[in-house]
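Trainee: I would like a close look at one part of this model, the packing of its helices. Please take me through it in one connected account.

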Amino acid sequence: MFRKCSLLKLRFILESLPFPGLSSLFGVFSPTLFLFWGFLGVVAMLFLSLHNELHIALALLFLTAGSASVAIADVTVDACVVQNSGTHPSLAADMQSLCALSSSIGSLVGFSISGIFVHLIGPQGVFGLLMIPAGLVLLVGVLLNEPRTSFFEFKQINQNFIHAGKAMWKTLKLPDVWRPCLYMYISFALSLNISEGMFYWITDSKAGPSFSKELIGYIMAIGSVGSLLGAILYQYGLKDYPFRDLLFWTQILSCLSGMLDLVLVLRWNLKFGLPDILFVVIDASVSQLIVRLKWMPLLVLSAKLCPPGIEGTFFALLMSIDNAGLLTASWLGGLLLHVFNVTRTEFDNLWMTILIRNLLRIIPLFLLFLVPRGDPNSTIFTEEGLDSNEDSGDQEVDDVELVALVKSADSR
């Protein structure tokens with residue numbers, strides 16, 4: 001699920017650790033956090049691999065714990081990149097490209113070997129292998145040094161949380177912040193996710209290609225090459241283009257690429273002499289490339305919207321807004337499939353759901369005025385803008401994210 005967690009990303013974590021003030025009990029790079037979630041992930045995957053008949057609630061709980069364990073690495077890298085994007089605005093796109101490159105490589109490797117291992121050792125054996133990513137998170141926690149504290153100020157913890165919440169709310173009220181956030185949510189939410197219907201049509205439908213699940217894994221691996229090419233193309237050719245212009249063209253390409261699914265379902269590719277396997281590989285590669293090209297400027301823009309002092313926390317908030325959009329797209333996509341009676345065995349109206357999805361992708365083009373047109377290498381967020389929006393009764397908050405929530409007796 002969390003394919004971004006690759007060895008390259010873990011290495012990037014270790015290379016980014018020397019920043020001052022980031023090693024605290026509840027801080028971004030807290031070893032305690034890595035130890036806890038890494039251990040929890042190992043235990044969760046171990047239970048899934050050893051028990052044949054787990055209750056569905058326990059299975060979901062363990063899957064959630066395993067995913068959250070590996071997500072710690074992703075969140076840590078994001079916080080590190082955002083902090084450096086604030087201090088080095090001209091390198092924001094380069095750092096996001098580095099993360100996208102490592103993510104694409106991890107996806108390529110994961111998709112390539114997933115089908116093989118499922119075939120050789122079965123699903124439960126694969127759950128056992130998934131202890132390795134969680135174990136790497138645990139290893140990071142072991143290798144990091146954490147300063148010991150002998151005295152805890154619990155009032156200070158609550159006070160810093162309150163200050164962080166006030167700072168985030170104050171920032172969200174700025175037009176330069178909430179407008180791009182609104183665009184990102186709507187853009188993701190209107191790209192309805194009907195992949196479940198497409199998957200069953202490709203694998204189970206008599207009118208479809210009838211691909212095996214192992215072959216689907218190989219196709220997704222090849223599609224990850226498109227994501228890799230997208231990251232490289234953005235880094236070396238598109239990173240200096242204004243956000244609004246780049247999002248305009250990527251949204252148009254997203255609408256057009258969605259039509260490839262329609263061509264496949266209506267079997268027009270066979271009329272053009274293109275076999276299913278070749279067309280599906282092209283579809284997956286082009287779709288992944290365009291998704292990467294659309295995602296990259298949004299990541300850079302999100303990093304630039306984060307105010308100094310609460311970079312990691314605010315970026316996590318922005319990513320949660322994006323994830324809420326993706327979740328909304330999944331719900332609406334499932335609802336669309338239900339309305340048109342597309343099931344695991346019924347696919348007569350699948351082409352209509354694809355067409356509606358592609359038409360809805362046009363709407364974000366009319367909302368691009370919410371996105372700043374400025375130079376992507378410049379700083380969008382300014383402290384003056386935040387100060388002008390600050391209420392007179394609010395207490396000034398400095399470096400909320402970088403200050404330890406728990407102060408030691410020695411720091412007094």
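Mentor: Helices here are DSSP runs of H or I with at least four residues, and strands are runs of E with at least two, numbered from the N terminus. The model is predicted, so local features need pLDDT of at least 70 and side-chain atom pairs count only at pLDDT 80 or more, while totals for chains, interfaces and linings use all residues. Residues are numbered from 1 along each chain as its sequence is written, and side-chain values use heavy atoms, with hydrogens and water left out.

Q83 sits in helix α3 (residues 56-87). With a relative accessible area of 15%, Q83 is buried, because buried means under 20%, against over 50% for exposed and partly exposed in between (1.4 Å probe, protein chains only). G309 is 226 residues from Q83 in sequence, yet their C-alpha atoms are 8.5 Å apart.

The largest nonpolar core (buried Ala, Val, Leu, Ile, Met, Phe, Trp, Tyr and Cys joined through side-chain atoms within 4.5 Å) has 37 residues. Y183, Y234, F314, F315 and L318 have the most contacts inside it. Helices supplying at least two residues each include α4 (92-129), α7 (175-189) and α13 (311-339). The largest share, 8 residues, comes from α12.

Beyond four places in sequence, Y183 is in contact (heavy atoms within 4.5 Å) with L247, Q251, L298, P364, L367, L368, L370 and V371. Another core, of 24 residues, lies apart from the largest one and has I219, L262, A284 and F340 among its members.

At the junction of α4 and α5, F127, G128 and L129 in α4 meet M131, I132 and P133 in α5.
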